[in-house]
Amino acid sequence: MKVLVLGGAGQEGRTAVERLAAHSEVTQVIVADLNIDKAQALARTHGEKVSAIHVDIRDETALDETLRQADVVINLVGPYFLYQEHVLKAAIHAGVNYVDISDDWQPTLACLELSDKANAAGITAIIGLGVSPGSMNMLAMYAAQQLDSVDEVHLRWAVSVTDVDELGASAAVHHALHMVDGAFPTFKNGEITNIQPFTEPEIFEFPKLGPQPVFHVGHPEPATLPKYLPGVQTVSQKGSVPGFNEEWQGLHEFGLTSSDPLTIAGNQVSPQQVAMALMSRLDDGSTEGLPEPLSEFHTIVVGSSNGKHVELEYSFRTPDQMSPNTGT
């Protein structure tokens, strides 16, 4: 099986390539990245089974030619609100099976609408196969299988700011800005409703990290899990980024998490890109005074079994960056 990893030289991509290279059923791994130097350096660490090519996914012709080299493409190019639907449509057109770890709610819903086209093309496409979404909602479904009915699902996470390699150039940071850009869906009282970012804050007691502030953020699970859990009344997603929460909210209050362009001296400027540029300028690589690169994810499912109230909880964490879970 030939596997193409788009964005394979990135933070999550490096883990994915490592796992794929060690997999006996994978005969070839192609690291396709905009940064060919990083891609080639990564390929060299894994021997002849792994190769590297340059690709700019914004070039539709080049993307199509690249996709046709593989049996399955793993799309790790973020932020997904910019690129997920574009790459999935290209994979459908090329007739190549597809996987991603998308964590943005808007393109997730748009991509679910492409199911008939994927079926018609004879491919399988699996979206949101990271941690959140991914492992956390798989745990929710696992819990649901053990219950007669499910009333509530609560997803909680905390990911340290030191989890990110380069603040000003990270797709994860761009995603963080985007997921607090205006209202987003949550699921309350049996229906989808819109909610604002940073609302309903609480202190959540993680088994390992201990008490951490969490608040509503825009993610796909509250809009997707209710489709597969008949009768569920609440699906909530709250998280935080220790070491960055105050700055995150400050950027939001100043309008720098917005995607609505500003006109400055006759030029259109993206507030999110301004925020990214500012963080790049301020990021000196020092982690002094910041939390260690720890992350923890917690899934709570409330329901009933044999007439009794039941709460099932699952928690997992990484001893360093999130990639060992997300990239796998």
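## Close-up views of a predicted model

**View 1. Helix α1 is largely enclosed.** Eight of the 11 residues of α1 are buried, so the rest of the structure largely encloses this helix. The model shown here is predicted. The buried residues of α1 are Gln11, Glu12, Gly13, Thr15, Ala16, Val17, Leu20 and Ala21. What covers them? The cover includes strands β1, β2, β3 and β4. Helices α2 (36–44) and α12 (323–326) are also part of the cover. As a general point, an α-helix has 3.6 residues a turn, so residues three or four places apart point the same way.

**View 2. Six strands form an open sheet.** The strand order is β3-β2-β1-β4-β5-β6, and the pairing is parallel. Which strands stand at the edges? They are β3 (50–54) and β6 (125–126). Each has a single partner strand, so one side of each is left without a neighbour in the sheet. Strand β2 (residues 28–33) pairs with β3 over five bridges, in the parallel sense. One place to look is valine 29, whose bridge partner in β3 is valine 50.

Two helices pack on this sheet. Helix α1 (residues 11–21) touches β1 (2–6), β2, β3 and β4 (72–75). The direction of α1 makes about 165° with that of β2. Helix α4 (residues 80–94) touches β1, β4, β5 (97–100) and β6. The direction of α4 makes about 165° with that of β5.

**View 3. Alanine 94 sits in helix α4.** Find alanine 94 in α4. Is it buried or exposed? Alanine 94 has a relative accessible area of 12%. Buried means under 20%, so this residue counts as buried. Leaving aside residues up to four places away in sequence, alanine 94 touches Asp64, Leu67 and Arg68. Now compare its position with that of isoleucine 300. These two residues are 206 residues apart in sequence. In space, they are 39 Å apart, C-alpha to C-alpha.

**View 4. Helix α8 is largely enclosed.** Six of the eight residues of α8 (residues 171–178) are buried, so the rest of the structure largely encloses this helix. Which residues of α8 are buried? They are Val173, His174, His175, Ala176, Leu177 and His178. These buried residues pack against four helices: α4, α5 (105–112), α10 (245–253) and α11 (271–282).

**View 5. Strand β15 pairs with β7 and with β16.** Strand β7 (residues 149–159) and β15 run antiparallel and pair over 10 bridges. Tryptophan 157 stands opposite phenylalanine 297 in β15. Strand β16 (residues 308–318) also runs antiparallel to β15, and 11 bridges join the two. Valine 302 has glutamate 311 in β16 as its bridge partner. Strands β15 and β16 make a hairpin with two residues between the strands. There, asparagine 306 takes a positive phi near 55°.

How many residues of β15 (residues 295–305) are buried? The count is 10 of the 11, so the strand is largely enclosed by the rest of the structure. In general, the side chains of a regular strand alternate between the two faces of the sheet.

**View 6. Four aromatic residues form one cluster.** The members are Phe198, Phe215, Phe244 and Trp248. A search of the whole structure finds seven aromatic pairs. One of them joins phenylalanine 198 and phenylalanine 215. Their ring centres are 5.0 Å apart, and 55° separates the planes. This pair is tilted.

Where in the chain do the two residues lie? Phenylalanine 198 is in the loop between β9 (191–195) and β10 (202–206). Phenylalanine 215 is in strand β11 (residues 210–216). The two are 17 residues apart, and the pair links distant parts of the chain. Phenylalanine 198 is buried, with a relative accessible area of 12%. Phenylalanine 215 is buried too, at 4%.

**View 7. The whole protein, for orientation.** The secondary structure comes to 12 helices and 16 strands. The C-alpha trace spans about 55 × 50 × 40 Å along its principal axes. With 328 residues, a compact globule would have a radius of gyration near 20 Å, and the protein agrees with its 20 Å. Of the 328 residues, 50% count as buried. The protein exposes about 15600 Å², and carbon and sulfur atoms supply 50% of that area. Among contacts between residues at least 6 apart in sequence, 68% join residues at least 24 apart.

Definitions and conventions: Residues are numbered from 1 along each chain as its sequence is written. This is a predicted model: local features need pLDDT of at least 70, side-chain atom pairs count only at pLDDT 80 or more; totals for chains, interfaces and linings use all residues. Side-chain values use heavy atoms; hydrogens and water are left out. Two strands pair if DSSP finds at least two bridges between them. Contact means heavy atoms within 4.5 Å. Axes are lines fitted to C-alpha atoms, for helices over the stretch in contact, and angles run from 0 to 180 degrees between N-to-C directions. The radius of gyration is taken over C-alpha atoms; the globule rule is 2.2 Å times the number of residues to the power 0.38. Buried means under 20% relative accessible area, exposed over 50%, partly exposed in between (1.4 Å probe, protein chains only). Accessible areas come from the Shrake-Rupley method with a 1.4 Å probe; for residues, only the protein chains shown count as cover. Rings of Phe, Tyr and Trp (its six-membered ring) pair if their centres lie within 6.5 Å; planes under 30 degrees apart count as stacked, over 60 as edge-to-face and the rest as tilted.
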